[in-house]
Amino acid sequence: MSNSVHGHDVIALMVAQGAAIIKPELLCLMGQKFGFAARYHTCSAADLSAEALIQLLIGKG
């Protein structure tokens, strides 16, 4: 999983914004920071697209 970004890194990116961020802006930020072809993982899921990671995070509240 060396080319995979952990969901915690995405959460940190959101927190660093200091304000609420809408989904299209987050997707753009993720692409700029981690690469538009990046894959993501969490402790419970692997090989997620940016969109799938966001949906997973939304589902977890």
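What follows is a chat between a trainee and a mentor about a predicted model of one protein chain.

Trainee: Hi! Which helices and strands does the chain have, and how many of each?

Mentor: Hello! This is a predicted model, and its chain has three helices and two strands. Along the sequence they come in the pattern β-α-α-β-α. The radius of gyration is 11 Å, close to the 10 Å that the globule rule gives for 61 residues, so the chain is as compact as a globular protein of that length.

Trainee: What box do the C-alpha atoms fill?

Mentor: Roughly 30 × 25 × 15 Å, taken along the principal axes.

Trainee: And how much of the chain is buried?

Mentor: Of its 61 residues, 30% count as buried. The accessible surface comes to about 4000 Å², and carbon and sulfur atoms account for 60% of that surface.

Trainee: What about contacts between residues that are far apart in sequence?

Mentor: Take the contacts between residues at least 6 apart in sequence: 48% of them join residues at least 24 apart.

Trainee: Let's switch to charges. How many salt bridges are there?

Mentor: The count comes to two salt bridges. One is between the side chains of E51 and K23, at 2.4 Å from N to O. E51 belongs to helix α3 (residues 50-60) and K23 to helix α2 (residues 23-34), so this pair ties together parts that are 28 residues apart in sequence.

Trainee: Nice. Are those two buried or exposed?

Mentor: In between, as it turns out. E51 is partly exposed at 35% relative accessible area, and K23 is partly exposed at 30%.

Trainee: Which residues does K23 contact, besides its close sequence neighbours?

Mentor: Leaving aside neighbours within four places in sequence, K23 is in contact with E51, I54 and Q55. For another distance, try K23 and A38: they are 15 residues apart in sequence, and their C-alpha atoms are 17 Å apart in space.

Trainee: Which residues make the other salt bridge?

Mentor: D47 and R39, with their closest N and O atoms 3.0 Å apart. D47 is exposed, with a relative accessible area of 53%, while R39 counts as partly exposed at 34%.

Trainee: Why does 53% make D47 exposed?

Mentor: Because the cut-off for exposed is over 50%, and the relative accessible area of D47 is 53%.

Trainee: Where does D47 sit, and what is its phi?

Mentor: D47 lies in the loop between β2 (39-41) and α3. Its phi is near 55°, a positive value in a residue other than glycine. As background, most residues other than glycine have a negative phi.

Trainee: Back to the charges as a whole. How far apart are the mean positions of the positive and negative ones?

Mentor: They are 3 Å apart, counting 4 positive and 4 negative charges.

Trainee: One more residue, please: where is L27, and what does it touch?

Mentor: L27 is in helix α2. Not counting residues up to four places away in sequence, L27 touches F36, A50, E51 and I54. The C-alpha atoms of L27 and A50 are separated by 6.7 Å, although these residues are 23 apart along the chain.

Trainee: Is L27 buried or exposed?

Mentor: L27 is partly exposed, with a relative accessible area of 26%.

Trainee: So E51 comes up for both K23 and L27?

Mentor: Right, E51 is among the contacts of K23 and also among those of L27. I54 is listed for K23 and for L27 as well.

Note on methods
Residues numbered from 1 in each chain as written. Predicted model: local features only at pLDDT ≥ 70, side-chain atom pairs only at ≥ 80, totals over all residues. Heavy atoms only, no water. Helix = DSSP H or I, 4+ residues; strand = E, 2+ residues; numbered from the N terminus. Rg over C-alpha atoms; globule rule 2.2 N^0.38 Å. Buried < 20%, exposed > 50% of the residue type's maximum accessible area, 1.4 Å probe, protein only. Contact = heavy atoms within 4.5 Å. Areas by Shrake-Rupley, 256 points an atom, 1.4 Å probe, with all protein chains shown as cover. Lys, Arg positive; Asp, Glu negative; His and termini not counted. Charge placed at Lys NZ, Arg CZ, Asp CG, Glu CD. Salt bridge = Lys/Arg side-chain N within 4 Å of Asp/Glu carboxyl O.
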